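Here is a short tour of the model shown below. Keep the viewer open as you read, and follow along at your own pace.

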There are 2 protein chains.
Amino acid sequence: TQQLLSGRAPRPRPFRVTNSERSVKKGIIAETLEDLMNKASDSLGVQCVSDLVLDEDGTGVDTEEFFQTLPENAVLVVLEKGQKWTPHPCRLQHRTDV
Amino acid sequence: TQQLLSGRAPRPRPFRVTNSERSVKKGIIAETLEDLMNKASDSLGVQCVSDLVLDEDGTGVDTEEFFQTLPENAVLVVLEKGQKWTPHPCRLQHRTDV
């Protein structure tokens with residue numbers, strides 16, 4: 001009923017996942033947060049995913065509910081234990097140019 | 001049923017492919033990821049395609065599922081072994097101009 005009420009029944013959607021260095025980025029289809037975690041760790045060769053955060057501002061995606069509100073092709077950073085999200089290099093450059 | 005549910009049955013769609021230097025760009029009709037890989041390598045004269053990534057942000061298109069979510073005329077960069085995606089020159093130039 002929760003899903004019916006919110007109108008957001010899980011369905012396969014495209015996402016883009018990258019590692020903490022943003023050196024590799026992969027397109028992944030996932031239905032649930034757990035599904036994305038598993039596929040992302042396989043695709044990026046990350047042994048143990050500690051956290052999944054939004055590339056744009058480092059927001060942690062901890063719950064299935066919040067995950068289901070993300071738009072298609074949202075970019076997510078896969079963090080391993082000890083790794084932290086850092087601001088996007090392009091934006092830093094943009095800011096220092098201003 | 002997966003395809004019926006998502007409404008993304010493979011059908012021939014147009015794409016644009018370019019090489020890692022972005023010196024040549026070709027329009028190609030492809031139905032599947034493998035189809036596009038084959039036609040792109042023929043069209044661009046690339047012997048062995050190592051990776052296919054989105055021109056816009058370097059996202060690797062590794063799976064048929066993700067490929068099927070791409071919009072028509074998506075621009076893809078064909079990489080050979082050892083080649084890497086680099087940000088689009090126009091955007092870099094734009095940033096340094098600011």
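## A starting point in the sheet

In chain B, B:Val49 has B:Glu80 of β4(B) as its bridge partner. This is a predicted model, so please read everything here in that light.

The two strands involved, β3(B) and β4(B) (residues 75-80), run antiparallel and are joined over five bridges. They belong to an open sheet of four strands in chain B, ordered β2-β1-β4-β3, with mixed pairing. At its edges sit β2 (25-30) and β3 (49-54) of chain B, each of which pairs on one side only. On average, neighbouring strands in this sheet are turned by 35 degrees against each other, direction ignored.

## Strand β1 and its two partners

On one side, β1(B) pairs with β2(B) in the antiparallel sense over six bridges, and here B:Thr18 stands opposite B:Lys25. The hairpin made by β1(B) and β2(B) has five residues between the strands, and B:Arg22 in this hairpin takes a positive phi near 55 degrees.

With β4(B), β1(B) pairs in the parallel sense over four bridges. In this pairing you can find B:Asn19 opposite B:Val78.

Why is β1(B) largely enclosed by the rest of the structure? Five of its seven residues are buried, so the surrounding structure largely closes it in.

## A helix across the strands

Now bring helix α2 of chain B (residues 33-44) into view. Helix α2(B) lies across β1 (13-19), β2, β3 and β4 of chain B, and runs at about 145 degrees to β2(B).

## The nonpolar cores

Which residues touch the most other members of the largest nonpolar core? In this core of 19 residues, they are B:Phe15, B:Val17, B:Leu36, B:Val61, B:Leu70 and B:Leu76. Two or more residues each come from β1, β2, α2, β3, α3 (64-68) and β4 of chain B. The most come from α2(B), which gives four.

B:Phe15 is a good residue to click on. Leaving aside neighbours within four places in sequence, its contacts include B:Ile28, B:Ala30, B:Leu36, B:Phe67, B:Leu70 and B:Leu76. B:Phe15 is also in contact with B:Lys26, B:Gly27, B:Pro71, B:Asn73 and B:Ala74.

Apart from the largest core lies another one, of 17 residues. Its members include A:Ile28, A:Leu33, A:Leu52 and A:Val78.

Key
Residues numbered from 1 in each chain as written. Chains lettered and ligands numbered in written order. Predicted model: local features only at pLDDT ≥ 70, side-chain atom pairs only at ≥ 80, totals over all residues. Heavy atoms only, no water. Pairing = 2+ DSSP bridges. Axes fitted to C-alpha atoms, helices over the stretch in contact; angles between N-to-C directions. Contact = heavy atoms within 4.5 Å. Core = buried A, V, L, I, M, F, W, Y, C linked by side-chain atoms within 4.5 Å. Buried < 20%, exposed > 50% of the residue type's maximum accessible area, 1.4 Å probe, protein only.
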